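Thanks for coming. I will take a few minutes to walk through one model, so please have the sequence and the structure in view.

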Amino acid sequence: QILYLKPPWTLANLLKCYKKHWVAVFGYIVPRSLLSTVECLSTHLCTGKTVDSSTVGILLQESKKLLHAFSSRSDYNGVLPQAYAEVSKLCQTLAEVREEDIMVLSENAACEKMEAMTPNLQNCEEEKKLHPSFHVARENKHQEIWSVLEGLWNTMNLYSIEIFQKLDPSTVTETAKSSFEEAFLGLQKLLAAVNGIREGISR
C-alpha cells in the first residue's frame, strides 16, 4: 500500500524500490550488506553504459547473490529458482566464451612469438608492429584466465552454500530437493571444468 513506485516495474524501477525501502523492508529479509549489490546492479544496468565481459561476469555473480539471499524467504511460486537457473546459464555461457577467447589469444600470441623469433623473414618495421600486439595479447590472456578462475571460485562458493543449507533436515522440502540436485550436478560440471583448467595450466 505504501510504495515508492507502483507496479508494473521496469528493472530500473525495481532497483529504485529496493534502495528506497531497503532499511525499512528488505534489510530485514536479506543481509543488509547486499545493498552494495543493488547499488552495483543499478549503476551498471540502468545508466545506459556499455560494459565489458569482466563486468558482465561480476553483474551475473551479484545477481545470483541477491536471488540466493531471497530464496531463504520463499521460492516465489517457482519464479525465483527459474530466474536463478537462467542467470546460471548466462554465467556458464560467458565462461565458455571466455575460454574460447583465451584459446584464440593463446594461439595468436604463440604464432606472433614464433614469427618474432624467426630471423631474416621480417624487416625492422614489421617487427616493431609485432611486439606491441604480442604484449597486449599476453596481458589480455592473463586477465581472461584470472576472470575464468574467479568465476569458477564464485560459482563453487555459491553451490557449496546451497548444499550445506539444504543438508539441514528441518529445511528440506520438495523445492529444496530439486535445488539440491541441481547444485550437485552443477558441482560435477564444475569439477570437470577445474580439471580442464588444471590440465591446460600443466601443458
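Is Glu86 buried or partly exposed? Its relative accessibility is 40%, so Glu86 counts as partly exposed. Before going on, a caution: this is a predicted model.

Let me stay with Glu86 for a moment. It forms a salt bridge with Lys89, and the closest N and O atoms are 3.7 Å apart. Both residues sit in helix 4, and because they are 3 residues apart there, about one helical turn separates them. Lys89 comes out at 49% relative accessibility, so Lys89 is also classed as partly exposed. The cut-off for exposed is over 50%.

Now the overall layout. The protein has 6 helices and 0 strands, and along the sequence the pattern reads α-α-α-α-α-α. There are 203 residues, and 27% of them are buried. The protein exposes about 13900 Å², with carbon and sulfur atoms supplying 60% of that area. On contacts: take those between residues at least 6 apart in sequence, and 51% of them join residues at least 24 apart.

Back to salt bridges. How many does a search of the whole structure find? The search finds 3. You have heard about the pair in helix 4, Glu86 and Lys89.

Another is between the side chains of Glu62 and Lys65, at 3.3 Å, N to O. These two are 3 residues apart in helix 3, which spans residues 53–71, so they too are separated by about one helical turn. Where does each partner stand on accessibility? Glu62 has 15% relative accessibility and therefore counts as buried. Lys65, with a relative accessible area of 35%, is partly exposed.

Then there is the bridge between the side chains of Glu39 and Lys19, at 4.0 Å, N to O. Glu39 is in helix 2 and Lys19 in helix 1, residues 11–20, so this pair ties together parts that are 20 residues apart in sequence. The value of 4.0 Å sits against a salt-bridge cut-off of within 4 Å. Glu39 is partly exposed at 34% relative accessibility, and Lys19 is partly exposed at 32%.

Helix 2 brings me to Thr37. That helix covers residues 35–45, and Thr37 is part of it. Thr37 has 0% relative accessibility, so it counts as buried. What does Thr37 contact, leaving aside neighbours within four places in sequence? The answer is Glu62, Lys65 and Leu66. Two of those names are familiar: Glu62 and Lys65 are the partners in the 3.3 Å salt bridge.

Next, Val148, in helix 5, residues 124–166. At 14% relative accessibility, Val148 is buried, because buried means under 20%. Not counting residues up to four places away in sequence, Val148 touches Arg98, Ile102 and Ile197. Measuring from C-alpha to C-alpha in the model, Val148 and Ser54 are 9.3 Å apart in space, while 94 residues separate them in sequence.

Last, the surface. Which residues form the negative patch? They are Glu96, Glu99, Glu100 and Asp101. Asp101 belongs to helix 4, which runs over residues 79–117. With 37% relative accessibility, Asp101 counts as partly exposed.

To recap: 6 helices and no strands, 3 salt bridges, and a negative surface patch that includes Asp101. That is what I have.

Key: Residues are numbered from 1 along each chain as its sequence is written. This is a predicted model: local features need pLDDT of at least 70, side-chain atom pairs count only at pLDDT 80 or more; totals for chains, interfaces and linings use all residues. Side-chain values use heavy atoms; hydrogens and water are left out. Patches are made of residues with over 30% relative accessible area and no salt bridge: like charges are joined within 9 Å, nonpolar side chains (Val, Leu, Ile, Met, Phe, Trp, Tyr) within 5 Å. Accessible areas come from the Shrake-Rupley method with a 1.4 Å probe; for residues, only the protein chains shown count as cover. Lys and Arg count as positive and Asp and Glu as negative; His and the chain ends are not counted. The place of a charge is taken as NZ of Lys, CZ of Arg, CG of Asp or CD of Glu. Helices (H or I, at least four residues) and strands (E, at least two) are DSSP runs, numbered from the N terminus. Buried means under 20% relative accessible area, exposed over 50%, partly exposed in between (1.4 Å probe, protein chains only). Contact means heavy atoms within 4.5 Å.
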